[in-house]
Amino acid sequence: MGTSWRCTGPRWSGEAFGLGWCRPERAEERRSELPAGKPLAFAVEGERRCLGVRRAGRWILCPHAAVLDGAGARDQCADCARLDRSRSVAADTMADDPRPYGVYLAYFGPGLLKVGITAAERGAARLLEQGAVGYSWLGRGPLMAARRAEALLGSALAVRDRFGKAEKRAARRALPPAAERAAAVAALHREAQSLPGWPEALRAAPYAYVDHSEVFGLGRIPAEPGALAGIAALRAGDEIAGAVLAAAGSDLYLEQAGRGPVLVLDTRLLAGWVLRAAAGRVTTAAVVPEERQEDTGRQEGLF
């Protein structure tokens, strides 16, 4: 893989969005922040490589130095992904995890409320990574109790545990007022905690709504048709240029010079690439109108 820094994708620290970087062969990592207004002009070069597996706080090199597709959000080859999931809460292969877990209700838009779980030690990081516009904790307890609560809401109230990227992106552009968002979460919170069969080991959390619209900068995202264009894939040599407008979950919104549409980049597409300064100041990566973006429906990240 050489000794160049490779991007590891989106990284939230506190309420600040940025990108992660690693040089696994030297056990080095760093992070760069991307605040609103920051100008960017970079190119992807070489081949997109599998980042390997992260264990005990460090990266373990992919033994195959596998080359990845530029259109996929995953930053691992099939072998490394299997190894990762062999000890994964998300894949239910780590049921003995002793850490406490939090159960949350997350709001993404009208009709888009989900239930999920995250390690309590991570706080709200999981909600920022998913691009949750708002949320409230529902309970806290052992992993399996949190899992049972998640399943209970799914079966009794038909609350989903995931939404696709296209659904989330569309909802951000047509949000109701914050008070209406909070009321929707409050109503579900009351209904959820009144359900029979609530796991005894799960300690109920009082309703306390937190809104991320200002953290993400959602008010700066244009809502009119045709105002956004998405980058669906990257190839070696592609250049991307613009000024940071907003960031939600893994999505980075870039304002272009001139009168072009705002670019939406899923920064997971950057994971595994070496990035260098762009030769120009114009985006050369292929873009498509946001309305034509496909939605895989795949869960963004893990716990």
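Is Phe108 buried or exposed, and what is the relative accessible area of Phe108? In this predicted model, Phe108 is buried, with a relative accessible area of 1%. The value falls under the 20% limit for a buried residue. The ring of Phe108 pairs with that of Phe163: the two centres are 5.9 Å apart and the planes meet at 65°, so the arrangement is edge-to-face. The pair links distant parts of the chain, the two residues being 55 apart. Phe108 belongs to strand β7 (residues 101–109), whereas Phe163 sits in the loop between α3 (143–157) and α4 (165–172). Phe163 also counts as buried, at 3% relative accessibility.

Across the whole structure, the search returns 5 aromatic pairs. One of these joins Trp12 and Phe17, whose ring centres are 5.3 Å apart with planes at 65°; this pair is therefore edge-to-face, since angles over 60 degrees are classed in that way. Both partners are buried by the accessibility criterion: Trp12 has 13% relative accessibility, and Phe17 has 5%. Ring pairs further connect Trp12 and Phe17 with Phe216, and the three residues form a cluster. A ring is also involved in a contact of another kind, in which Arg30 lies over the face of Trp5, at 4.6 Å from the ring centre.

Strand pairing was examined next. An open sheet is formed by 7 strands, in the order β16-β4-β13-β14-β15-β12-β17, with mixed pairing. The edge positions are taken by β16 (274–277) and β17 (287–289); each has a single partner strand, so one side of each has no neighbour in the sheet. From one strand to the next, the twist averages 45°. In general, the strands of a sheet pair through backbone hydrogen bonds, in either a parallel or an antiparallel manner.

At the β17 edge, strand β12 (residues 228–231) is joined to β17 by 3 bridges, and the two strands run antiparallel. Within this pairing, Ala229 stands opposite Pro289 of β17. Helix α4 lies across three strands of the sheet, namely β13 (239–248), β14 (251–255) and β15 (262–266). The helix runs at about 50° to β14. The loop between α3 and α4, which precedes this helix, is the one that holds Phe163.

Conventions: Residues are numbered from 1 along each chain as its sequence is written. This is a predicted model: local features need pLDDT of at least 70, side-chain atom pairs count only at pLDDT 80 or more; totals for chains, interfaces and linings use all residues. Side-chain values use heavy atoms; hydrogens and water are left out. Rings of Phe, Tyr and Trp (its six-membered ring) pair if their centres lie within 6.5 Å; planes under 30 degrees apart count as stacked, over 60 as edge-to-face and the rest as tilted. Buried means under 20% relative accessible area, exposed over 50%, partly exposed in between (1.4 Å probe, protein chains only). Helices (H or I, at least four residues) and strands (E, at least two) are DSSP runs, numbered from the N terminus. A charge sits over a ring if NZ of Lys or CZ of Arg is within 6 Å of the ring centre and within 35 degrees of the ring normal. Two strands pair if DSSP finds at least two bridges between them. Axes are lines fitted to C-alpha atoms, for helices over the stretch in contact, and angles run from 0 to 180 degrees between N-to-C directions. Contact means heavy atoms within 4.5 Å.
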